[in-house]
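Here is a quick walk through a structure you may not have met before. Take a look at the model first, and then we'll go through it piece by piece.

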Amino acid sequence: MSRVELLSPEGLRIDGRRPAELRKITSTTAVLSQADGSAYLEHGNTKVLAAVYGPREARHRALVLHDRAIINVEFNVAPFSTGERRRRTKNDKRLLEMASFVKQTFEPVVVTTLYARSQIDIYLQIIQHDGGTLQACINAATMALIDAGIAMTDYVCACTAGWVEREAAIDLNHIEESSDTSEVTVAMLPKSGKITLMQMESRLHVDKLEEVLSLAGEGCKQMHVVMDKTIRDRAEDLAAKMAV
């Protein structure tokens, strides 16, 4: 039992949500004029900015692949993103780990064979952190890649779920993550239902795993609806401007 009551007797979480309820989501694309593609995403109070550059010439010739593009991911956390101000360097172990997760997530989905001998850069900036950082970064990167016109086999939609006290809950906030809570982040392709990433932060009993994964999958489907609407609204706006 954690010190903070994460689930009330009425079944409400500490921020007033039901266990299967996502936080408020705000998203938009094309927020950076100098990037080939960009997106801004808010999962509750977690705020992420994603920028995509490329396909472009690889910076290091030794890394060039003759049959496909390489994907490079760089991750940065603003010092003011949490209550405790801390400046992180690019060699911070946690940042490198997060960048690796994002890279592994998109390598099977981006059609890199169309961009041989080139490089696609994904830059992720955490502006504010309140839990669900990895899921927010993956979702923002998806929209930024689409905004850049990078070919992908499907959307990549991510959501976190965990076991909060006595039942499974979706889209954990910082207080829930910081408590004694088992947590799983899932990234999936909504059309096929295939999972392209499953990352666990702590131990979870096998009897609870199926329910948590199922709830995370439902969260991914809900995220797909939000992200698809953002992309379609942007396309309609561009079409309207071109028609004028």
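Let's begin with a cysteine. C137 is buried, with a relative accessible area of 0%. Keep in mind that this is a predicted model. Why does C137 form no bond with the closest cysteine sulfur? That sulfur belongs to C159 and sits 14 Å from the sulfur of C137, which is too far for a bond. In fact, the structure holds zero disulfides. C220 is in none either, with the nearest cysteine sulfur, that of C159, 5.6 Å away. C220 is also buried, at a relative accessible area of 1%.

Now for the sheet. Strands of a sheet pair through backbone hydrogen bonds, either parallel or antiparallel. Here four strands make an open sheet in the order β7-β6-β8-β9, and the pairing is antiparallel. β7 (167-170) and β9 (195-200) stand at the edges with a single partner strand each, so one side of each has no neighbour in the sheet. From one strand to the next, the twist averages 20°.

Here is how the strands pair up, with one bridge from each pairing:

| Strands | Bridges | Example of bridge partners |
|---|---|---|
| β6 and β7 | four | V164 and E167 |
| β6 and β8 | seven | T160 and T185 |
| β8 and β9 | five | V184 and M200 |

What about the hairpin of β8 and β9? Six residues lie between its strands, and G193 takes a positive phi near 80° there.

β8 deserves a closer look. In a regular strand the side chains alternate between the two faces of the sheet. S182, V184, V186 and M188 point one way from β8, while E183, T185 and A187 point the other way. Are these residues buried or exposed? All of them are buried, and that makes seven of seven for β8.

Helices pack here too. Helix α4 (residues 206-243) lies across β6, β7, β8 and β9, and runs at about 145° to β6.

Finally, the core. In soluble globular proteins, nonpolar side chains tend to be buried together. The largest nonpolar core in this model has 60 residues, and those with the most contacts inside it are F75, F106, L124, I138 and L145. Which helix gives the largest share of this core? Helix α2 (residues 133-147) does, with nine residues.

As for F106, its contacts beyond the neighbours within four places in sequence are I71, I138, A141, T142, L145, M152 and V156.

Notes:
Residues are numbered from 1 along each chain as its sequence is written. This is a predicted model: local features need pLDDT of at least 70, side-chain atom pairs count only at pLDDT 80 or more; totals for chains, interfaces and linings use all residues. Side-chain values use heavy atoms; hydrogens and water are left out. A nonpolar core is a set of buried Ala, Val, Leu, Ile, Met, Phe, Trp, Tyr and Cys residues joined through side-chain atoms within 4.5 Å. Buried means under 20% relative accessible area, exposed over 50%, partly exposed in between (1.4 Å probe, protein chains only). Helices (H or I, at least four residues) and strands (E, at least two) are DSSP runs, numbered from the N terminus. Contact means heavy atoms within 4.5 Å. A disulfide is a pair of cysteine sulfur atoms within 2.5 Å. Two strands pair if DSSP finds at least two bridges between them. Axes are lines fitted to C-alpha atoms, for helices over the stretch in contact, and angles run from 0 to 180 degrees between N-to-C directions.
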